[in-house]
Amino acid sequence: MADRQEGTTYDVVIVGMGPAGATAAAALSRGGLAVLGFDKDTHPRYKVCGGGLSARVALLLDPEFRSVVEHTVNGVQFVYRGQDPLLIESSQPIAYMVMRDRFDHYLLQQAVRAGTEIRNGEGVVAVRQESDGVEVITERSRYRAKIVIGADGANSLVARHLFPDRSLYRAPALESEVQIGNDSHYPGPSTILVDVGASRQGYGWIFPKQGRLSVGVGEFRRKSTSLRTTFDRFVRGEPGLTRWTVPRPVGHPIPAFSESEEGRGTSTVSQFVSGRALLVGDAGHLVDPLFGEGIYYAVRSGQLAAQAILSNVRDHRVSLAAYEAALDRDIVPDFRVTARIARVIYAFPRLGFKLLRRYQDVVQSYYEVLQGRISAEQFLADAKKRLKASVNDLLLEALHLR
Ligand SMILES: Cc1cc2nc3c(=O)[nH]c(=O)nc-3n(C[C@H](O)[C@H](O)[C@H](O)COP(=O)(O)OP(=O)(O)OC[C@H]3O[C@@H](n4cnc5c(N)ncnc54)[C@H](O)[C@@H]3O)c2cc1C
């Protein structure tokens, strides 16, 4: 699409063209709005990320996204500090593995096809709300819009400028891409490895990609020791990695969702909508606090933000706060459940690992959440029943009644 003339007021300016921004852009352009998207980098670009998409993402995306899927995963090999492998598989895909340069570029192309105007390699340096719109200032020029979406990731400038009261925690993570050429994947081409003892309040992972493995560690706690030391220990302790050279890892924060920090229920200030600004994806801290899964939620929040904006543009009586209500319905309940699981597993990782072995059917049931077949809340209710019954069984066993 041809660029609009200078002085144009866009309906929506989107800062950041990762999965959240590109998804919102495509939906808004399809809805007939004039949309301008900025990215400080030029796509396709490398992004530090495991690139694991839970299978439920297929419910959100056009089936064509499979063209950039490198491996389909239907099993997880859990280990504790490199030992005691426990493979739990599903008959259906649990996750799709992508490299973010290709996946994000694919989503960006969808937005371009829908009519979004894109400025690649043009970083936004300031954003200001005015009474009748928003001014977006980049390294090169100034732009005006009726609404701005902050989709600029974990270090969001839009959040800093327009949501100044937010000071949320971001978990540190490190990742390295290990070139394996034509060697066979470890632990397998359709299996990911999760080491629940690799880091304190976090985990280590190995994800299969074409001709490589994405190897990383993340730590969801406040006082982090040296994550580099943790990464090195994970790599050394993982027998399957010894045959390859593991390059120096690259760091990036994971802005995991935390309800207590959001001040929700105690504060009247929205953490996602402020005047004419909305935050989506990592910029809104919409990342699951158990695994650090953010891509699915970036795509979903991009869609929900677009729906709220389209409703607002068509009928001004519908407020942009509809976006926040949609998050509360659609995304926040998942995080409440995963935060509860994370509290147990990360506080007592060795016990957590034992529970995984004992309750493999509960893990299978969590796979159904990742497949989009049941909700996280449904999972929790079923898991509680299952664990309660099991405690009863253990008591009966202990009393020799079984
Ligand atoms: C080590 C690691 C591993 C991870 N592994 C997984 C995983 O396996 N699965 C998963 O689901 N999630 C994973 N995540 C989380 C996932 O990467 C994020 O949740 C996801 O990228 C969020 O997408 P987004 O569109 O919100 O932000 P991003 O993907 O970060 O995109 C933001 C975009 O904004 C641009 N930008 C930033 N500032 C500006 C500016 N001022 N002006 C213009 N453009 C700007 C950036 O260049 C970028 O392209 C991982 C994260 C890390 C750090």
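**Notebook: strands, domains and a ligand shell**

I began with strand 11, which runs parallel to strand 18 (residues 277-279) and is joined to strand 18 by 3 bridges. I checked one position: I149 stands opposite L278 in strand 18. I note that this is a predicted model.

I then looked at the other partners of strand 11. Strand 1 (residues 9-15) pairs with strand 11 (residues 142-150) in the parallel sense, over 6 bridges. Here V15 has G150 of strand 11 as its bridge partner. Strand 10 (residues 133-138) runs antiparallel to strand 11, with 4 bridges. I found R142 in strand 11 as the bridge partner of I137. I also noted that strands 10 and 11 form a hairpin, with 3 residues between them.

Next entry: the domains. I looked up three: domain 1 (9-48 + 100-168 + 257-330), domain 2 (71-95 + 169-254) and domain 3 (348-398). The centres of domain 2 and domain 3, taken over C-alpha atoms, are 23 Å apart. Contact between these two involves 10 residues of domain 2 and 12 residues of domain 3. On the domain 2 side, strand 5 and strand 6 are the elements that give two or more residues. I sorted that side by class: 7 residues are nonpolar, 3 are polar and none is charged.

I followed strands 5 and 6 into their sheet. It is an open sheet of 7 strands in the order 6-5-13-14-15-12-16, and the pairing is mixed. Why is one side of strand 6 (83-89) and of strand 16 left without a neighbour? Each stands at an edge and has a single partner strand, so one side stays unpaired in the sheet. On average, neighbouring strands here are turned by 20° against each other, direction ignored. Helix 4 (residues 227-237) packs on this sheet and touches strand 12, strand 13 (191-195), strand 14 (202-209) and strand 15 (212-219). I read about 135° between the directions of helix 4 and strand 15. Strand 5 (residues 75-80) is antiparallel to strand 6, with 5 bridges. G75 has E89 of strand 6 as its bridge partner.

Last entry: the ligand. I looked at the 38 residues around it, of which G16, G18, G50, G281 and G294 come nearest. Helix 1 (19-30), strand 2 (35-39), strand 12 (171-179), strand 16 (250-254) and helix 6 (295-314) each give two or more residues to the shell. By class I noted 17 nonpolar, 13 polar and 8 charged residues in the shell. Where does the ligand lie with respect to domain 1 and domain 2? Both domains give residues to the shell, so the ligand lies between them.

Definitions and conventions
Residues are numbered from 1 along each chain as its sequence is written. This is a predicted model: local features need pLDDT of at least 70, side-chain atom pairs count only at pLDDT 80 or more; totals for chains, interfaces and linings use all residues. A residue is near a molecule or strand if its C-beta atom, placed from the backbone, lies within 6 Å of it. Ala, Val, Leu, Ile, Met, Phe, Trp, Tyr, Cys and Pro count as nonpolar, Asp, Glu, Lys and Arg as charged, and the others, Gly among them, as polar. Domain bounds come from an automatic or database domain assignment. Two strands pair if DSSP finds at least two bridges between them. Axes are lines fitted to C-alpha atoms, for helices over the stretch in contact, and angles run from 0 to 180 degrees between N-to-C directions. Two residues are in contact if their C-beta atoms, placed from the backbone, lie within 7 Å.
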